[in-house]
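Work through the exercises below with the model open. Try each task before you read its solution.

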Amino acid sequence: MFSWQTRTTSPEATEELAMRLGALLPAGTLIRLEGDLGAGKTCLTRGLARGLEVPADEPVTSPTYTLLNQYQGRLPLHHFDLYRLQGGEDLFEIGLEECCASPGVTVLEWAERAEGVVQGGLRIELVYCDETSRHLTLSTDEPTLEPLLQQLAASWDKGEAV
Ligand code: ADP
Ligand code: MG
């Protein structure tokens with residue numbers, strides 16, 4: 001288990017951190033985002049999309065009503081938002097498991113609503129601190145993702161440029 005915490009002081013910083021993470025992600029990665037409304041989950045997903053080379057002119061917005069948005073970068077990006085999820089069965093209907101098993105990157109906003117159904121991958125918890133800052137905790141149990149997260153943490157803490 002590797003866990004790393006940091007604080008971003010602007011939406012741009014959250015996006016930048018996520019962009020660096022997205023650039024490192026291998027196919028088949030699941031990212032579980034947890035945090036309240038306005039915590040920055042969609043902002044972070046936008047950065048992941050950039051890091052996955054989704055074209056910059058393609059808007060990345062919350063799939064709150066559609067539950068799923070999909071983007072094509074160097075890997076397919078499946079972006080779920082479970083905020084309006086009705087019951088356990090919906091998870092099957094919206095194709096969550098199918099996406100998790102596919103060789104793309106699956107991002108789940110409100111992953112806490114799929115607790116027990118989807119596990120593993122990379123968990124990112126976002127907590128609102130004040131208007132412009134958020135506390136982020138990134139953790140994983142997966143041997144393939146641990147070194148990647150360590151690399152991101154080391155370069156970010158040193159303040160290295162991309
Ligand atoms: P969520 O998807 O978790 O509901 P959003 O990403 O849609 O949240 O919205 C986050 C809001 O908070 C945006 O308006 C963004 O500009 C703002 N914000 C302020 N500071 C930060 C920060 N450090 N990181 C991310 N978002 C931030
Ligand atoms: Mg959102």
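How many bridges join β1 to β7, and do the two run parallel or antiparallel?

**Solution 1.** Note that this is a predicted model. Count the bridges: seven join β1 to β7. Then compare directions: the two strands run antiparallel. Now pick one pair. Ser-3 has Ser-139 in β7 as its bridge partner.

**Exercise 2.** Sort the residues of strand β1 into a covered and an uncovered face.

**Solution 2.** Strand β1 spans residues 2-8. Start with the covered face: Phe-2, Trp-4, Thr-6 and Thr-8. The uncovered face holds Ser-3, Gln-5 and Arg-7. Ser-3, on that uncovered face, is the residue bridged to Ser-139.

**Exercise 3.** Place Thr-140 and decide whether Thr-140 is buried or exposed.

**Solution 3.** First, find the element: Thr-140 sits in strand β7. Next, check the relative accessibility, which is 2%. Buried means under 20%, so Thr-140 counts as buried. Last, look at the side chain. One of its polar atoms lies 3.0 Å from the backbone nitrogen of Glu-142.

**Exercise 4.** Describe the surroundings of ligand 1.

**Solution 4.** Begin with the count: 17 residues surround ligand 1. The nearest are Thr-14, Gly-38, Lys-41, Thr-42 and Cys-43. Sort the shell by type: four residues are nonpolar, eight polar and five charged.

Now take the backbone contacts. A polar backbone atom of Ala-39 is 3.3 Å from an oxygen atom of ligand 1. For Gly-40, a backbone N or O atom lies 3.0 Å from a ligand 1 oxygen. For Thr-42, the corresponding distance is 2.9 Å. Then turn to area: ligand 1 alone exposes 570 Å², and the protein buries 75% of that.

Finish with the elements. Those giving two or more residues to the shell are α1 (11-24), α2 (41-51) and β7 (133-140). The most come from α2, which gives three.

**Exercise 5.** Which residues coordinate the magnesium ion, and through which atoms?

**Solution 5.** The magnesium ion is ligand 2. Its coordinating residues are Thr-42, through OG1, and Glu-109, through OE, at 2.2 Å. Locate them: Thr-42 lies in helix α2 and Glu-109 in strand β5 (residues 105-109), so the pair ties together parts that are 67 residues apart in sequence. Check burial: Thr-42 and Glu-109 are both buried. Thr-42 thus appears in two exercises: its OG1 atom coordinates magnesium, and its backbone has an N or O atom 2.9 Å from an oxygen of ligand 1.

Conventions:
Residues are numbered from 1 along each chain as its sequence is written. Chains are lettered from A and ligands numbered from 1 in the order in which they are written. This is a predicted model: local features need pLDDT of at least 70, side-chain atom pairs count only at pLDDT 80 or more; totals for chains, interfaces and linings use all residues. Side-chain values use heavy atoms; hydrogens and water are left out. A residue is near a molecule or strand if one of its heavy atoms lies within 4 Å of it. A polar contact is a pair of N or O atoms within 3.5 Å; within protein, one must be able to donate a hydrogen and the other to accept it, and residues adjacent in sequence count only if both atoms are side-chain atoms. Accessible areas come from the Shrake-Rupley method with a 1.4 Å probe; for residues, only the protein chains shown count as cover. Helices (H or I, at least four residues) and strands (E, at least two) are DSSP runs, numbered from the N terminus. Ala, Val, Leu, Ile, Met, Phe, Trp, Tyr, Cys and Pro count as nonpolar, Asp, Glu, Lys and Arg as charged, and the others, Gly among them, as polar. Buried means under 20% relative accessible area, exposed over 50%, partly exposed in between (1.4 Å probe, protein chains only). Two strands pair if DSSP finds at least two bridges between them. Donors are N, O and S atoms within 2.8 Å of the metal (3.2 Å for Na, K and Ca); water is not among the atoms, so sites may look incomplete.
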